[in-house]
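Please look through the structure shown here with some patience, moving from one residue to the next before turning to the whole chain.

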Amino acid sequence: MDGPHSPAHWWGEYLPAIRQWEEVTGRAAPPPTEPGRKGGPRVTVGWVEWLMGLPLGHVTAIPGLTRGQQLQILGNGVVVQQATTAYAALLAQGV
């Protein structure tokens, strides 16, 4: 693998999948968690954005959005690669 990579110790058993997605996206995975308000870990918005295959800053660079709003937008979003594959499969079946 030649592309950028995140630290391997972040991923445990998920490392092979993360490495594969890093190759597909051409970007290292951002940190998956950050300290929350009470100190416990919470998911990072940048990781969700990366995981969905969206361009860097597609949601996270929109000014004025709170973290909650960013996560809501991402949660209501579509993983383009999945939608494209599903659409192609439907077209192949003549649907």
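Leaving out residues up to four places away in sequence, Pro-41 touches Thr-33 and Glu-34. The model in which these contacts appear is a predicted one, and it helps to keep that in mind throughout the walk that follows. Pro-41 belongs to strand E2, which covers residues 41-43. Is Pro-41 buried or exposed? With a relative accessible area of 70%, Pro-41 is exposed, because a residue counts as exposed when this value is over 50%.

From this strand we can step back to the chain as a whole, which holds 4 helices and 2 strands. Read from the N terminus on, these elements follow one another in the order α-β-β-α-α-α. The radius of gyration of the chain is 16 Å, whereas the globule rule gives 12 Å for 95 residues, so the chain is more spread out than a compact globule. Along its principal axes, the C-alpha trace spans about 50 × 35 × 20 Å. Of the 95 residues in the chain, 22% are buried, and the chain exposes about 6500 Å², with carbon and sulfur atoms supplying 61% of that area. If we take the contacts with a separation of 6 or more, 28% of them are accounted for by residues 24 or more positions apart. The charges can be described in a similar way: the chain has 6 positive and 6 negative ones, and their mean positions lie 15 Å apart.

We can now turn to the interior. The largest nonpolar core is made up of 12 residues, among them Trp-11, Ile-18, Trp-21, Val-45, Trp-47, Met-52, Val-59 and Leu-74. Which helices each supply at least two residues of this core? They are helix H1, residues 15-25, and helix H2, residues 45-51, and H2 gives the largest share, with 4 residues.

Two members of the core, Leu-74 and Val-59, deserve a closer look. When neighbours within four places in sequence are left aside, Leu-74 is in contact with Val-45, Val-48, Glu-49, Met-52, Leu-54 and Val-59. Val-59 has its place in the loop between H2 and helix H3, the latter covering residues 67-75. Although Val-59 sits in a loop, its relative accessibility is 3%, and so Val-59 counts as buried. With the neighbours within four places in sequence again set aside, its contacts are Glu-49, Leu-65, Gln-70, Ile-73 and Leu-74. Val-59 and Val-43 are 16 residues apart in sequence, and their C-alpha atoms are 15 Å apart in space.

Two further residues let us compare distance along the chain with distance in space. Pro-7 lies in the segment before H1 and is partly exposed, with a relative accessible area of 35%. The C-alpha atoms of Pro-7 and Ala-28 are separated by 8.9 Å, and the two residues are 21 residues apart along the chain. Leu-91, found in helix H4 with its residues 80-92, is partly exposed as well, at 49% relative accessibility. This value leaves Leu-91 in the partly exposed class, because exposed residues must have a value over 50%. How many Å separate the C-alpha atoms of Leu-91 and Gly-40? They are separated by 46 Å, and the two residues are 51 residues apart along the chain.

Technical notes. Residues are numbered from 1 along each chain as its sequence is written. This is a predicted model: local features need pLDDT of at least 70, side-chain atom pairs count only at pLDDT 80 or more; totals for chains, interfaces and linings use all residues. Side-chain values use heavy atoms; hydrogens and water are left out. The radius of gyration is taken over C-alpha atoms; the globule rule is 2.2 Å times the number of residues to the power 0.38. Buried means under 20% relative accessible area, exposed over 50%, partly exposed in between (1.4 Å probe, protein chains only). Contact means heavy atoms within 4.5 Å. Accessible areas come from the Shrake-Rupley method with a 1.4 Å probe; for residues, only the protein chains shown count as cover. Lys and Arg count as positive and Asp and Glu as negative; His and the chain ends are not counted. The place of a charge is taken as NZ of Lys, CZ of Arg, CG of Asp or CD of Glu. A nonpolar core is a set of buried Ala, Val, Leu, Ile, Met, Phe, Trp, Tyr and Cys residues joined through side-chain atoms within 4.5 Å.
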